[in-house]
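Colleague: I have this chain open on my screen and would love a close look at one part of it. Could you walk me through the salt bridges, and then show me what surrounds them?

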Amino acid sequence: MDKQSVLVVDDTPENIELLRQLLRADYVVQAAVSGRKGLEIARASPQPDIILLDVMMPEMDGYEVCRRLKHDSATAHIPVVFITALDQTGDEANGLELGAVDYIRKPFEPVVVKARVRNHLALKRYEQGLEALVRERTAELELTQQVTIEALATLAEYRDSETGGHIKRTQRYVRALAEYLSQLEGYRTVLDEESIDLLFRCAPLHDIGKVAVRDVILLKPGALTPAEFEEMKRHVLYGSKALEVAEERLGSSSFLAIARELILSHHERWDGAGYPHGLRGDQIPLPGRLMAVADVYDALISRRVYKPAFSHRRAAEIIRDGRGTHFDPAIVDAFLVLEGEFERIANEFSDDMSSLD
């Protein structure tokens, strides 16, 4: 294993040399005779694993150096140990509040110096290992969550074998719309990176409730009767209820909340003529308004048992005609800007490449 590195920042060359002699057998020792030079070395690559920092230095004292190190995300993780003389009245509490992990007193006790450096580096290795383990477990959890979502969504799609790419297409449409809107005033705070990622991961669940709809209705090749349509409309309630049960077991989370909003509201209409609650305008949660455009566009360009696939051009016309009645005008405007991206996504994940002329 490569030696870990120690950066000594002290304006007294004799102190630097003494520490170098104490530590060089076990560590790579770097040195700086000023605070500014110490900051420069700390920010360079490879970075030191620990910094021994003199308190009393001209131009920039150790407290200021430590403050700058801890306010810079690139160096905040490096442990800082202050070096101070026994006759100095420096405020140790102030140094610790700035983020230092310890103090070493002058004149140096070799055993103490080696023990402090060794212990703090061991602690740093432990913390890094713990962080890596947390990242690994988090990644596993996210992967498990995503695979479960895709499995559930695919289960719904198996009820209709003609829409195999629907999941992939609609979640990418939603992400494209959300990323575009996130650049506009009024959307920046509600469509941050995390929210857009949640929307992307939740989107495949929008029709999960269709698993509870009878095949005779879901796969009917002709128009539904009013009674059959009423039963079809209940798929949003079935899907929402399934996640409500999950929330009761697992507790609420932003993921489940957004997923429920998206499922329950993606068939609402801007003019209030949608279902299941007849919401209108901004009463409709943003996830539902985004999915409404994505879902309808994809339904239009896809072959169904009751209709052929429309061309992209015709689908775009229908979306445009629904501005302010079926769809949120701002989202339709975003769609019109992103028409080329929608067509690209549709072709990349198309069930039938020939349908998108």
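Modeller: Happy to; here is a tour of the salt bridges, followed by the helix and the strand they lead to.

Please keep in mind that this is a predicted model. The chain averages a pLDDT of 87, with 89% of the residues scoring at least 70. Taken element by element, the mean pLDDT is lowest in helix 5, at 78, and highest in helix 14, at 97. Residues 353-357 fall below 50, although the model gives this stretch 13 contacts beyond near neighbours in sequence. Where pLDDT is low, the predicted coordinates should not be read in detail.

Now to the salt bridges, of which the structure holds 25. Let me start with Arg289 and Asp328, whose closest N and O atoms are 2.8 Å apart. Arg289 belongs to helix 12 (residues 286-301), while Asp328 sits in the loop between helix 13 (312-321) and helix 14 (329-337), so this salt bridge ties together parts that are 39 residues apart in sequence. Both Arg289 and Asp328 are buried.

Asp328 deserves a second glance, as one of its side-chain oxygens also comes to within 3.0 Å of the backbone nitrogen of Ala330, at the start of helix 14. Following helix 14 onward, you will find Pro329, Ile331, Val332, Ala334 and Phe335 buried. The cover over the buried residues of helix 14 includes helix 12, which also carries Arg289. Helix 6 (166-181), helix 13 and helix 15 (339-348) are likewise among the elements that cover them.

Helix 13 has a salt bridge of its own, between Arg314 and Glu317, with 3.2 Å between the closest N and O atoms. These two residues are three apart within helix 13, about one turn of the helix. An α-helix has 3.6 residues a turn, so residues three or four places apart point the same way. Unlike the buried pair of Arg289 and Asp328, Arg314 counts as partly exposed because its relative accessibility is 39%. Glu317, at 29%, counts as partly exposed too.

Another pair to look at is Lys124 and Asp49, where the closest N and O atoms are 3.7 Å apart. Here the partners come from distant parts of the chain, 75 residues apart: Lys124 from helix 5 (residues 110-157) and Asp49 from the loop between helix 2 (35-43) and strand 3 (50-54). Lys124 and Asp49 are both buried. Do remember that helix 5 is the element with the lowest mean pLDDT.

Asp49 leads us to strand 3, which pairs with strand 1 in the parallel sense over four bridges. In that pairing, Val6 of strand 1 stands opposite Ile50 of strand 3. Strand 1 also runs parallel to strand 2 (residues 28-32), to which five bridges join it, and there Val6 stands opposite Val29. Together with helix 1 (residues 13-23), strands 1 and 2 make a right-handed β-α-β unit.

How do the side chains of strand 1 (residues 5-9) sit between these partners? Ser5, Leu7 and Val9 point one way, Val6 and Val8 point the other way, and all are buried. In a regular strand the side chains alternate between the two faces of the sheet. Strand 1 is mostly covered, with five of its five residues buried.

Key
Residues numbered from 1 in each chain as written. Predicted model: local features only at pLDDT ≥ 70, side-chain atom pairs only at ≥ 80, totals over all residues. Heavy atoms only, no water. Salt bridge = Lys/Arg side-chain N within 4 Å of Asp/Glu carboxyl O. Buried < 20%, exposed > 50% of the residue type's maximum accessible area, 1.4 Å probe, protein only. pLDDT = per-residue confidence, 0-100. Contact = heavy atoms within 4.5 Å. Pairing = 2+ DSSP bridges. Right-handed = clockwise from strand over helix to strand, strands pointing away. Polar contact = N/O pair within 3.5 Å; in protein donor to acceptor, adjacent residues only side chain to side chain.
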